[in-house]
Amino acid sequence: NNNNNNERHRHLSGSNDQNDGFASTLGCSANGDYIIGAFQSSSCDGNYFRESIATFDEYNAQHASIGCRNIWKSGNEATYDQIYSLLGNSWSC
């Protein structure tokens with residue numbers, strides 16, 4: 001019964017995505033490297049992250065000094081306004 005099957009899935013984001021597709025995008029790994037991340041979702045909702053499907057080893061080596069950065073952590077000098085501006089001018093798939 002398909003209806004019972006759907007009731008067992010968690011949809012944490014409230015996006016009503018229903019896992020009806022896959023998406024991928026350039027992003028950052030936990031250790032600060034650029035990756036292509038795959039999502040079991042029609043968007044790049046982090047609740048549906050599945051795996052890294054590509055690493056950019058050569059690119060990451062070339063851009064190590066400017067790679068992915070943690071914008072919010074203890075001791076960071078970024079202000080709320082700076083982060084708000086950054087996120088307001090960003091996009092996801």
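The paragraphs below walk through a few parts of this structure, which is a predicted model.

A good place to begin is the pair of strands β1, covering residues 23-28, and β2, covering residues 34-39, which run antiparallel to each other and are joined over six bridges. To see one of these bridges, find T25 and look across to β2, where its bridge partner is G37. The two strands together form a hairpin, with five residues lying between them, and in that turn G32 has a positive phi of about 90°. As you follow a strand along its length, it helps to remember that in a regular strand the side chains alternate between the two faces of the sheet.

From the hairpin, the path leads on to strand β3, which spans residues 49-55 and includes T55. Although T55 and L26 are 29 residues apart in sequence, their C-alpha atoms are 9.8 Å apart in space. The side chain of T55 also takes part in a polar contact of 3.4 Å with the side chain of D57, and residue 57 is where helix α2, made of residues 57-62, begins.

Within helix α2 sits N60, and here one may ask whether this residue is buried or exposed. N60 counts as buried because its relative accessible area is 13%, which falls under the 20% limit used for that word. Leaving aside residues up to four places away in sequence, N60 touches D33 and Y34. The side chain of N60 reaches the backbone nitrogen of Y34 at 2.8 Å, and residue 34 brings the reader back to the start of strand β2.

Notes. Residues numbered from 1 in each chain as written. Predicted model: local features only at pLDDT ≥ 70, side-chain atom pairs only at ≥ 80, totals over all residues. Heavy atoms only, no water. Helix = DSSP H or I, 4+ residues; strand = E, 2+ residues; numbered from the N terminus. Buried < 20%, exposed > 50% of the residue type's maximum accessible area, 1.4 Å probe, protein only. Polar contact = N/O pair within 3.5 Å; in protein donor to acceptor, adjacent residues only side chain to side chain. Contact = heavy atoms within 4.5 Å. Pairing = 2+ DSSP bridges.
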